[in-house]
Amino acid sequence: MDFIPYTKQSLNIDDIGAILKSFGSEFITRGPFVEEFEKKCTQFCGAKYAVAFSSGTNALTSAGYAANLSKEDTIVTSPITFVGTVAGALKKTSKLILQDIALKTASCNFKKLTKPQNGRLFLFPVHFSGIAQTIKKPFKECIIIEDGCQAFGSKYLDGSRVGSCPHSDMTIFSFHPAKTICTGEGGLVTTNSKAYYEKLLLYRNNGIVKKEGSDPWKYEILDLTTNCNVTDFQAALGISQLNRIDTFIIERRKRVAQYRENLTQLDYISFLDSKYDPYSAHNLLTILIDFEKIDISRKELMIKLKEKGIGTQVHFIPLYHHKYFQEHFDFEVGQFPVTEQYFSKALSLPLFSHLTEDQVNYICEIFQDLPKSCLI
Ligand SMILES: Cc1ncc(COP(=O)(O)O)c(C=O)c1O
């Protein structure tokens, strides 16, 4: 059997055709395919506006910019996330609060939030693995920027789509190859606010606006930002992938159900809450393993699995375990007990839309007989 990576993009002949077709048009940078992709994303998510970016990280940074995040403001998020959630925001403010996660969702649910004396509170809920958290504003002035990088296509428990921003200011997605749909690199912000929309466009294009009604060559620099445009051929790929998103999610969901059926009876394995399965786009399949019980370390297991042709990954090393976060903020290892428990057990198994039933059976057979299956 060929090596089974923990994640992989699903590209087909239609995707390649769409990219080639885009090369036939006048634009190779941002052009009409980007506009069409954005329009299709607003329809899919149920939001008024969408702006495509060169990555999820840049989209997150631009959302902070659009909401005028400043050094007075405080940001609150989960320690179990990718650094991109906060990387841009922490260039604007150094006030960072992390909250412990819930073991069933690997996300934090923002308890005990009070209005800061100075500045505003920015919440960055992370929809880990595709599980959408419904987070409402604890008070009116609070800003919510949803990190939905792992949740394109997911729904909240009330059936509305992540990206429709029912309780948030903006929602961010990533189209990295590990995500539900991919554009190579890429990201998106959705919002229902025209004011945010206009600032997102400004941020993406070096703070430049065209001067309508004046000389045709005139433009104006309103602010110093950056260039995080996405190209037309990436957007063409995005449109083609979006056409198949329902199939992608159905296939991922089937494989998750198969993992659950084969592994739930094992007392050394537990899953995140199954209540979210019908709603999640299933970006990752992260399980919790009691490594002490099976007398094999995570490192040994990952090495053995790799030898057997199975890729695995750990999502994520808690932010506060990184030296940078300990040196720049007041964090220390051990600070968040549930996060510690989660991190000591977490392992992401292969999950992507063209993963086959046979491949999952092969993986499950190994997990059903641990540690013996890995000692041979
Ligand atoms: C939770 C989360 N936030 C942010 C990002 C950043 O997205 P990108 O890799 O497109 O910059 C990712 C993707 O890796 C992610 O998983």
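This is a short tour of a predicted model, moving from its two domains to the sheets, a helix, the ligand and a single residue.

**Stop 1: the two domains.** Start by colouring the protein chain in two parts: residues 13-242 as domain 1 and residues 245-375 as domain 2. If you place a marker at the C-alpha centre of each domain, the two markers will be 27 Å apart. Now select the contact between them, where 31 residues of domain 1 meet 25 residues of domain 2. On the domain 1 side, look for β3 (95-98) and α6 (232-242), each of which supplies at least two residues to the side touching domain 2. Colour that side of domain 1 by residue class and you should find 18 nonpolar, nine polar and four charged residues.

**Stop 2: the seven-stranded sheet.** Next, show the strands in the order β1-β7-β6-β5-β4-β2-β3, which make up an open sheet with mixed pairing. Which strands sit at the edges? They are β1 and β3, each paired on one side only. Looking across the sheet, neighbouring strands are turned against each other by 20 degrees on average, if direction is ignored. For a close-up, pick β2 (residues 74-77) and β4 (residues 121-124): these two strands run parallel and are joined by four bridges. Within this pair, T77 faces F124 of β4.

**Stop 3: helix α3.** Keep the sheet on screen and add α3, residues 56-66. This helix lies across β1, β5, β6 and β7, and its direction makes an angle of about 165 degrees with β6. How many of the residues of α3 are buried? Eleven of eleven, so the helix is mostly covered. Select G56, T57, N58, A59, L60, T61, S62, A63, G64, Y65 and A66 to see the buried residues. To see what covers them, switch on β1 (49-53), α4 (84-87), β5 (143-147), β6 (170-174), β7 (187-191) and α5 (194-204), which are included in that cover. Before leaving the helix, step on to N68, which follows α3 and has a positive phi near 55 degrees.

**Stop 4: around the ligand.** Centre the view on the ligand and its 14 surrounding residues, of which G56, T57, G84, C149 and S174 come nearest. Two elements give two or more residues to this shell, namely α3 and α4. Coloured by class, the shell shows three nonpolar residues, ten polar residues and one charged residue.

**Stop 5: the three-stranded sheet.** Now turn to the strands β10, β11 and β12, which form an open, antiparallel sheet in that order. At its edges are β10 (269-271) and β12 (346-349), with pairing on one side only. From one strand to the next, the twist averages 40 degrees. Zoom in on β10 and β11 (residues 285-289), which pair in the antiparallel sense over three bridges. Here F271 stands opposite I287 of β11.

**Stop 6: I269.** Finish with one residue of strand β10, I269. Is I269 buried or exposed? It counts as buried because it has 22 C-beta neighbours inside 10 Å, and the cut-off for burial is 20 or more. Leaving out residues up to four places away in sequence, select L263, I287, I289 and F367 to show what I269 touches. Then draw a distance from the C-alpha atom of I269 to that of L288: the two residues are 19 apart along the chain, yet these atoms are separated by 5.7 Å.

Notes
Residues are numbered from 1 along each chain as its sequence is written. This is a predicted model: local features need pLDDT of at least 70, side-chain atom pairs count only at pLDDT 80 or more; totals for chains, interfaces and linings use all residues. Domain bounds come from an automatic or database domain assignment. Two residues are in contact if their C-beta atoms, placed from the backbone, lie within 7 Å. Ala, Val, Leu, Ile, Met, Phe, Trp, Tyr, Cys and Pro count as nonpolar, Asp, Glu, Lys and Arg as charged, and the others, Gly among them, as polar. A residue is buried if 20 or more other C-beta atoms lie within 10 Å of its own, exposed if 12 or fewer, and partly exposed in between; C-beta atoms are placed from the backbone. A residue is near a molecule or strand if its C-beta atom, placed from the backbone, lies within 6 Å of it. Two strands pair if DSSP finds at least two bridges between them. Axes are lines fitted to C-alpha atoms, for helices over the stretch in contact, and angles run from 0 to 180 degrees between N-to-C directions.
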